[in-house]
Amino acid sequence: MLGLFFATTLAGCASWITYGDGQLRGHVVVVWNRQDKFVYVPDNNDLFSFQPSFMKTPIVPGLMYTDGGSIPRVFWSVPGLSPWAFGPAYIVHDWLFVVHRCHWPAPPEVEAITFEQSAQILAEVGKSLIKSGLIDDNKLEEIVWAIQTKYARDIW
């Protein structure tokens, strides 16, 4: 499977992801804590949020530790596959993970997000970043593929 991920990354294959348009707002603040460990800090003056196309409630990440995207280190040198290439998408996805896995408080609609929906949400945030001209090396399809693997599902 890892070989397929690497091959599709290098080949730049045709698009196979379909997703809606969500609404991305606010300011993302990440503070370095130690090597490869960061803290997402909500900016109360410009609160970061994302409202997926299929939800009525926006997702508003709270204070949390993060490592950005869980991209295997071997891929970090590939443009677009660093742990921070799609930083806001990774923040939202990490927040959904801690709400789900650690039972952190969130609005009921956010608490009810499924594994499949979490992948769609990451894709929609990524699409918003691309449409805003904030992504130079678009590897969103490869990232969304990776977060839908059996390995990722088992961690969820």
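Reader: In this predicted model, is Lys150 buried or exposed?
Author: Lys150 lies in helix α6, as does Asp154, four residues apart. The two form a salt bridge, with the closest N and O atoms 2.8 Å apart. The cut-off for exposed is over 50% relative accessible area. Lys150 has 61%, so Lys150 is exposed.

Reader: Which residues are joined into one network by salt bridges that share partners?
Author: A search of the whole structure finds five salt bridges. Some share partners, and the network they form joins Asp21, Lys127 and Lys131.

Reader: How many residues apart in sequence are the parts that Asp36 and Arg73 tie together?
Author: The side chains of Asp36 and Arg73 meet in a salt bridge, 3.0 Å from N to O. Asp36 lies in the loop between β2 and β3, and Arg73 in the loop between β5 and α2. The pair therefore ties together parts of the chain separated by 37 residues.

Reader: Which helix holds Arg153, the partner of Glu116?
Author: Glu116 and Arg153 form a salt bridge, their closest N and O atoms 2.7 Å apart. Glu116 is partly exposed at 43%. Glu116 sits in helix α4, whereas Arg153 sits in helix α6.

Reader: What are the edge strands of the open sheet?
Author: Three strands form the sheet, in the order β2-β3-β5, with antiparallel pairing. An edge strand pairs on one side only; here these are β2 and β5.

Reader: At what angle to β5 does helix α2 run?
Author: Helix α2 covers residues 87-102. It lies across β2, β3 and β5. Its direction relative to β5 is about 120°.

How values were computed. Residues are numbered from 1 along each chain as its sequence is written. This is a predicted model: local features need pLDDT of at least 70, side-chain atom pairs count only at pLDDT 80 or more; totals for chains, interfaces and linings use all residues. Side-chain values use heavy atoms; hydrogens and water are left out. Two strands pair if DSSP finds at least two bridges between them. Helices (H or I, at least four residues) and strands (E, at least two) are DSSP runs, numbered from the N terminus. Contact means heavy atoms within 4.5 Å. Axes are lines fitted to C-alpha atoms, for helices over the stretch in contact, and angles run from 0 to 180 degrees between N-to-C directions. A salt bridge is a side-chain nitrogen of Lys or Arg within 4 Å of a carboxyl oxygen of Asp or Glu. Buried means under 20% relative accessible area, exposed over 50%, partly exposed in between (1.4 Å probe, protein chains only).
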